[in-house]
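The following exercises concern a sheet and its surroundings. Please study the sequence and the structure before reading each solution.

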Amino acid sequence: MTSKITPLPPVRLRCSEMELCGWLGQASPGDVLQYHRGFILVDRDPIHERLPKKDREELARLSARAHWAAERGFAHLLQRRHGECDYSYLIIARPRPKAVAATILATLDQEAA
Amino acid sequence: MALQLSRPDLQLLLSEAHCAAWRLVRRMRLPRHQLEDVRQDLLLDLLERLPAYDTRRGTLGAFAGKILTHKAARLAKSIWRERLLLGGEPVSLDESVAGFARVELIPEEQGLAAFFCQNTDAFARIERRLDLVSALGALDNDDLRLCAELYHATADRLAARGRAPRSSLYRRLKRIRLELMAAGLAAA
């Protein structure tokens with residue numbers, strides 16, 4: 001049985017939630033952004049303390065926002081594996097959905113009624 | 001030796017600072033709501049210089065008066081400089097003018113977008129509306145309802161009516177702004 005512990009590569013916060021939203025807003029279809037490098041599940045975990053508390057919270061918001069973008073159809077999410085607990089988390093902009101579910105005018109009409 | 005302030009001394013310093021702030025606000029014709037800020041600035045400067053007070057040279061009231069006069073003069077100078085730089089007296093956009101907030105009376109051609117050389121013609125307005133309609137599709141129904149309510153009232157007024165706590169309304173607004181930004185709606 002091996003007793004060697006594989007050291008995890010150093011990690012840092014590369015992108016904030018606001019930067020991700022700003023990028024999404026102006027990205028053309030096919031544009032790619034690496035919003036994190038590391039292993040999000042461990043990097044967000046307070047037990048491992050791979051990031052300072054503030055960065056961990058920002059990373060949690062960032063990954064939630066990336067999932068939100070994927071669910072709304074704004075982007076695809078991909079991962080590229082480099083090694084043990086070392087992934088590149090990529091977000092690829094998609095063409096904007098044409099259908100609009102509701103408009104502010106319809107909601108204002110409902111509120112007035 | 002550190003100066004020990006008694007309760008009457010503290011009352012004296014506070015009242016001198018208040019009078020000096022009032023004089024400055026009246027002399028410079030500043031808005032009433034700035035009185036608190038001016039008073040804090042004056043008091044802070046006075047408290048920083050308090051260690052220099054020497055009881056043998058005069059009373060605490062005279063010392064405070066002198067310090068506050070000098071600080072008020074410096075504040076007045078910086079206010080004049082700011083007015084010269086801006087070409088007039090800054091006004092609050094929330095100030096009520098004939099029943100409307102001042103911000104509602106500013107036409108598009110004089111707004112912030114025009115100041116930063118953004119396009120403000122009719123085509124730009126139509127494109128902005130289309131972008132807005134498209135971006136609003138990214139919000140869920142609860143957020144759309146909140147946006148509709150904010151069309152008629154500010155977040156503070158909604159909180160005062162019991163719609164939701166003020167802090168949670170502002171948190172939701174922050175989230176809505178990010179979602180609109182992600183949907184491609186540029187900030188005005």
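Two strands count as paired if DSSP finds at least two bridges between them; strands (E, at least two residues) and helices (H or I, at least four) are DSSP runs, numbered from the N terminus. The model is a predicted one, in which local features need pLDDT of at least 70, side-chain atom pairs count only at pLDDT 80 or more, and totals for chains, interfaces and linings use all residues. Residues are numbered from 1 along each chain as its sequence is written, while chains are lettered from A and ligands numbered from 1 in the order in which they are written.

**Exercise 1.** Determine how β2(A) and β3 of chain A are joined.

Solution. Step one: β3 covers residues 86-93 of chain A, and eight bridges join β2(A) to this strand. Step two: the two strands run antiparallel. Step three: A:His76 has A:Ile92 in β3(A) as its bridge partner.

**Exercise 2.** Establish the strand order of the sheet in chain A and what packs on the sheet.

Solution. Step one: the three strands form an open sheet in the order β1-β3-β2 (chain A), with antiparallel pairing. Step two: β1 (32-38) and β2 (75-83) of chain A each pair on one side only and are the edge strands. Step three: helix α3 (residues 53-71) of chain A packs on the sheet and touches β1, β2 and β3 of chain A, contact meaning C-beta atoms, placed from the backbone, within 7 Å.

**Exercise 3.** Describe the secondary structure of chain B.

Solution. Step one: chain B has nine helices and two strands. Step two: along the sequence, their pattern is α-α-α-β-β-α-α-α-α-α-α.

Note on methods:
Two residues are in contact if their C-beta atoms, placed from the backbone, lie within 7 Å. Axes are lines fitted to C-alpha atoms, for helices over the stretch in contact, and angles run from 0 to 180 degrees between N-to-C directions.
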